[in-house]
Amino acid sequence: MVLQFLSSQSVVSRETGGELGGALVGEPPNGAIPVWPVQRIFAPLLGATSAVVHETWRVDMPVMSGHCEGIVWRKAGGLLFGVIELDEADFKASPDCSSLQAASAEAYRRIFRLLDTEQVPHLWRVWNYLAEINLDTQGLERYRQFNIGRQDAFLEFHRGATGNVPAACAIGLVGGPLSIAFMAGETPAAPVENPRQVSAYNYPADYGPRSPTFSRAALAYLPDQELLFISGTASIVGHQTVHPGDAVGQCREAMANIEAVLAESKRQCRSQPFELGELSYRVYVRQAGDFPAIRETLALLIGQAEIVYVQADICRQDLLLEIEAMASHTLGNR
Ligand code: 3EB
C-alpha cells in the first residue's frame, strides 16, 4: 500500500477512491465538504491564490469507514485517520477542571478507545486546534488546561506521557470547537527528539502544571514506505523562547531546530536521509504583518518547497510562528 499526501487549492469534495482523510484550511467553503474525515481549520491563509486549501491523504486500496463517539474515521492497510470535534460548552467546568480540560481528556479517551477497538493502537501524529489558546480562564492559560486533560488521558490509558509519544501540533484559532485529527498505525512509530531542545514532555513547571505530551518528530512505517512527521517547531532552545519580538530571528531558529531534527532522524531512518527541500510545510504565523519577512526568510532557507501559510496563534504568547513538516520515502524492500 502507498500513502499519498495531496494538497489542492481547488475544490475536491468528490470521492475518487482511496481517500483516508485530510484537512481543509482557510475560509469555510461554499460548496459541499468531503464525506471522508476532514479536519476543518478555519483560519486565514496568507499569500495564497485561493481562500481554502484541501489536503488529502490517499491510499491505493479500499478503505473502511466508521464513526464512533463523535469520531469520524477511515482505515486501510493498518492505518487509521480520524477527526473529532468537541464543543466545550458540552462539558461542565468545576473549580479544579475547566470545560476545556474536561473536553481535552474526553477527546483523547475516545481516541484511545477507538484505537484499541480497531487494533491500530499506535498514535503516530496528532493535530490539535483550540479556540483562544493563550487566554487565561480559571487562573490558567487555556493551552495549559489542554495539556492537563491530554496528559491525564495518556496516563489513564497506560500509554505513558514521556518517550514514546506522538508527533503533534497545538494551535490556537479565533473560535470553534476543540478539533483533533490523528493518524494511527498497527506498528509503533519511532519518536525523534531534538538535542537543541529539552523534550517537551520534560519541560519544567514554568510552562504549566503538566508538560505537553508530544515528540519532536516521528518516523512511521508502512510495508514499503517510511514517513517522517515533524511536529510544530518553534523558536525554542533548551526550554526557553529565543528572539522574542523578532519574527525573522524566530523563523531562522525554528529552521535550525528542524535541521537538528532532520539530523537526528538521519541516524534512525531506514531510507535515504530526509532533506529540507523535499518536505511539505505548514507555517503558522501569529501576526499577518510578519508574513512577508517570514516568507522571504524561508525562501532563502528552503527554496521551492511546498509551504502553506496560515494565520493562527501559537501556544506561547511570545512565539510568533511555528513550522511543521512531513515527507515520505519509498523503501526499497522488493
Ligand atoms: C513547543 O515546542 C512549541 O502541545 O502538542 C509544538 C508542537 C508545540 C506541539 C503540543 C506544542 C505542541 O513547545 C509548541
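The accessible surface of the protein, computed on a predicted model, amounts to about 13700 Å². Carbon and sulfur atoms contribute 50% of that area. Of the 334 residues, 58% count as buried.

**Overall architecture**

Four helices and 21 strands make up the secondary structure of the protein. The radius of gyration is 18 Å, close to the 20 Å that the globule rule gives for 334 residues, so the protein is as compact as a globular protein of that length. The C-alpha trace spans about 50 × 50 × 45 Å along its principal axes. Among contacts with a separation of 6 or more, 76% join residues that lie 24 or more positions apart.

**Packing of α1 and α2**

Helix α1 covers residues 99-118 and helix α2 covers residues 142-156. Their axes come within 7 Å and cross at roughly 35 degrees, and the crossing is right-handed. On the α1 side, the residues in contact are Leu 100, Gln 101, Ser 104, Ala 105, Tyr 108, Arg 109 and Phe 112. Their counterparts in α2 include Phe 146, Ile 148, Gly 149, Ala 153 and Phe 154, together with charged residues such as Arg 142 and Asp 152. By class, this contact comprises eight nonpolar, four polar and five charged residues.

**Individual loop residues**

Three loop residues are set out below.

| Residue | Loop between | Relative accessibility |
|---|---|---|
| Glu 132 | β9 (122-131) and β10 (136-137) | 38%, partly exposed |
| His 158 | α2 and β12 (167-173) | 75%, exposed |
| Ala 312 | β20 (306-311) and β21 (321-330) | 5%, buried |

Ala 312 counts as buried because its relative accessibility of 5% falls under the 20% cut-off. Leaving aside residues up to four places away in sequence, Ala 312 touches Ile 171, Gly 172, Leu 173, Tyr 284, Val 285 and Arg 286. One of these partners, Ile 171, is 141 residues away along the chain, yet its C-alpha atom is separated from that of Ala 312 by 6.8 Å.

The other two entries have a positive phi without being glycine. For Glu 132 the angle is about 45 degrees; with a relative accessibility of 38%, Glu 132 lies between the 20% and 50% limits and therefore counts as partly exposed. For His 158 phi is near 55 degrees. His 158 counts as exposed because its 75% relative accessibility is over 50%.

Note on methods
Residues numbered from 1 in each chain as written. Predicted model: local features only at pLDDT ≥ 70, side-chain atom pairs only at ≥ 80, totals over all residues. Heavy atoms only, no water. Axes fitted to C-alpha atoms, helices over the stretch in contact; angles between N-to-C directions. Helix = DSSP H or I, 4+ residues; strand = E, 2+ residues; numbered from the N terminus. Left-handed = near helix turned anticlockwise from the far one by under 90°. Contact = heavy atoms within 4.5 Å. Rg over C-alpha atoms; globule rule 2.2 N^0.38 Å. Buried < 20%, exposed > 50% of the residue type's maximum accessible area, 1.4 Å probe, protein only. Areas by Shrake-Rupley, 256 points an atom, 1.4 Å probe, with all protein chains shown as cover.
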